[in-house]
Amino acid sequence: MKKYLSLIVSLVLLAALLTGCGSAASSTASYDRGVAEYAVMADEVAMAPAEGAALKNTAADTGSTALPENRKWIVTVNLTAETDDLDALRSALDEKIAALNGYVENQSVNNGSAYQSSRRYRSANLTIRIPAGQVDAFLRDVGGLANIVRQNKSIEDVTLNYVATESRLKALETEEARLLELLSQAETMSDLLEIEARLSEVRGELENYASQKRLYDNQIDYATVYLSIEEVQEYTPVEEPTLWERISKGFKDNLKGVGDDLLDVLVWFIVSIPYLVVFAVVITIVVLVIKRIRSRRMAKKSAKKQKSEDSKES
């Protein structure tokens, strides 16, 4: 009987010892399981970009110029335009941009030099953001308001990068939620510090990927139009001119250049009249002084000559 009682007591003590060890290791095991679950989930989410790659190949094979709605596109347009009234064009552009729910992100205006005489060289450079679905309408509006000299439209497919960013963002949000759950279950200081360190890293990555996604959304939703405007007296012809048109235009340009040069000389002369008057007065005074000096010298020579002749006669 005592033998059985001793065996029962030993089993109870052993069970109590195992229970204490299991309680001490429960937090670490729970965290390890959480990390393992996140690793599996991250591998599954990482497959999303591969699906985007398949979409890209399909679009390339079709050769269609239309933009599928299930893709993410960044549209950029470079325009060079001419106008004979820069102020009027800018005012009209502001109305068109507002009507299309766009906005001017950046602009600079060059009003030319104040010392230029007969010609004014004015220009403007604008960075305009237009809703991507309205960019073609905006380009038509600009073509109706000004003379388009050059136009370049580029379309960048960022679907893969966008999907990868979005997938990574979801994975980090899932890991953050799991880490917060583990943080509430942590029973030792070492587990607590380890979870908090990882949670800080995850939140930093979350902010970076969220900023990248916001940037993609803005670039995708709004096309960027870089518009360069030159104020000119005559528009540059868009079509290739014929030989006679080239000769005629060259002759007119040279004739106009001669007229502009003569006008510049006339303007320079009128502007410089005060200086020319001063120079004329100075030159007149110098000439009069020189003449007076020469006349005195000649008078002295004549007097000496006359004296010499008088001495010979006596």
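This talk walks through one predicted model, from its sheet to its helices and the side-chain contacts between them.

Let's start with the sheet. It is open, and it has five strands. The order is β2-β3-β5-β1-β4, and the pairing is mixed. Which strands sit at the edges? They are β2, residues 103–110, and β4, residues 147–157. Each of those pairs on one side only. Ignoring direction, neighbouring strands in this sheet are turned against each other by 10° on average.

Now look at β5, residues 222–231. In the strand order, β5 stands between β3 and β1. Take the β3 side. Strand β3 covers residues 123–131, and its pairing with β5 is antiparallel, over nine bridges. Two positions to find on screen. Ile128 is opposite Val225 of β5. Pro131 is opposite Tyr222, also of β5.

Now the β1 side. Here the sense is parallel, and β1 and β5 share eight bridges. One position to find: Thr76 has Thr224 of β5 as its bridge partner. So β5 has an antiparallel partner in β3 and a parallel partner in β1. As a general reminder, strands of a sheet pair through backbone hydrogen bonds in either sense.

How many residues of β5 are buried? Seven of its ten, so the strand is largely enclosed by the rest of the structure.

On to the helices. I'll take two, α5 and α6.

Helix α5 runs over residues 159–185. That is 27 residues. From first C-alpha to last, α5 reaches 39 Å, close to the 39 Å expected at 1.5 Å a residue. Its buried residues include Tyr162, Leu169, Leu172, Leu179 and Leu182. Polar and charged names are on that list too, among them Thr159, Glu175, Glu176 and Arg178.

Helix α6 takes in residues 189–221, 33 in number. Its C-alpha span, end to end, is 47 Å, close to the expected 48 Å. Buried in α6 are, among others, Ile195, Leu199, Val202, Leu206 and Ile220. Asp191 and Arg198 are buried as well.

What links these helices through their side chains? Consider the aromatics. The whole structure has two aromatic pairs. One of them is Tyr162 with Tyr216. The ring centres are 6.2 Å apart and the planes meet at 65°, so the pair is edge-to-face. Tyr162 belongs to α5 and Tyr216 to α6, 54 residues apart, so the pair links distant parts of the chain. Are the two rings' residues buried or exposed? Tyr162 is buried, at 7% relative accessible area. Tyr216 is buried too, at 11%. Tyr162 has another neighbour. Lys72 lies over the face of its ring, 4.8 Å from the ring centre.

Last topic: salt bridges. A search of the whole structure gives twelve. I'll show three, then a network.

First example, Asp157 with Arg71. Their closest N and O atoms are 2.7 Å apart. Asp157 is in strand β4, and Arg71 is in the loop between α2 and β1. That is 86 residues of separation, so again distant parts of the chain are linked. Arg71 is buried, at 5% relative accessibility. Asp157 is partly exposed, at 27%.

Second example, Arg129 with Glu105. The closest N and O atoms are 3.4 Å apart. Arg129 is in β3 and Glu105 is in β2, so this bridge ties together parts 24 residues apart in sequence. Arg129 is buried, at 3% relative accessible area. Glu105 is partly exposed, at 46%.

Third example, Arg178 with Glu181. Here the closest N and O atoms are 3.1 Å apart. Both residues are in α5, three residues apart, a separation of about one helical turn. Arg178 is on the buried list of α5, whereas Glu181 is partly exposed, at 37%.

Then the network. Which residues does it hold? Asp87, Arg122 and Glu231, joined by salt bridges that share partners.

To recap. The sheet has five strands in mixed pairing. Its strand β5 is largely enclosed. Tyr162 and Tyr216 link α5 and α6. And Asp157 and Arg71 bridge across 86 residues of chain.

Terms used
Residues are numbered from 1 along each chain as its sequence is written. This is a predicted model: local features need pLDDT of at least 70, side-chain atom pairs count only at pLDDT 80 or more; totals for chains, interfaces and linings use all residues. Side-chain values use heavy atoms; hydrogens and water are left out. Helices (H or I, at least four residues) and strands (E, at least two) are DSSP runs, numbered from the N terminus. The expected span of a helix is 1.5 Å times one less than its number of residues. Buried means under 20% relative accessible area, exposed over 50%, partly exposed in between (1.4 Å probe, protein chains only). Rings of Phe, Tyr and Trp (its six-membered ring) pair if their centres lie within 6.5 Å; planes under 30 degrees apart count as stacked, over 60 as edge-to-face and the rest as tilted. A charge sits over a ring if NZ of Lys or CZ of Arg is within 6 Å of the ring centre and within 35 degrees of the ring normal. Two strands pair if DSSP finds at least two bridges between them. Axes are lines fitted to C-alpha atoms, for helices over the stretch in contact, and angles run from 0 to 180 degrees between N-to-C directions. A salt bridge is a side-chain nitrogen of Lys or Arg within 4 Å of a carboxyl oxygen of Asp or Glu.
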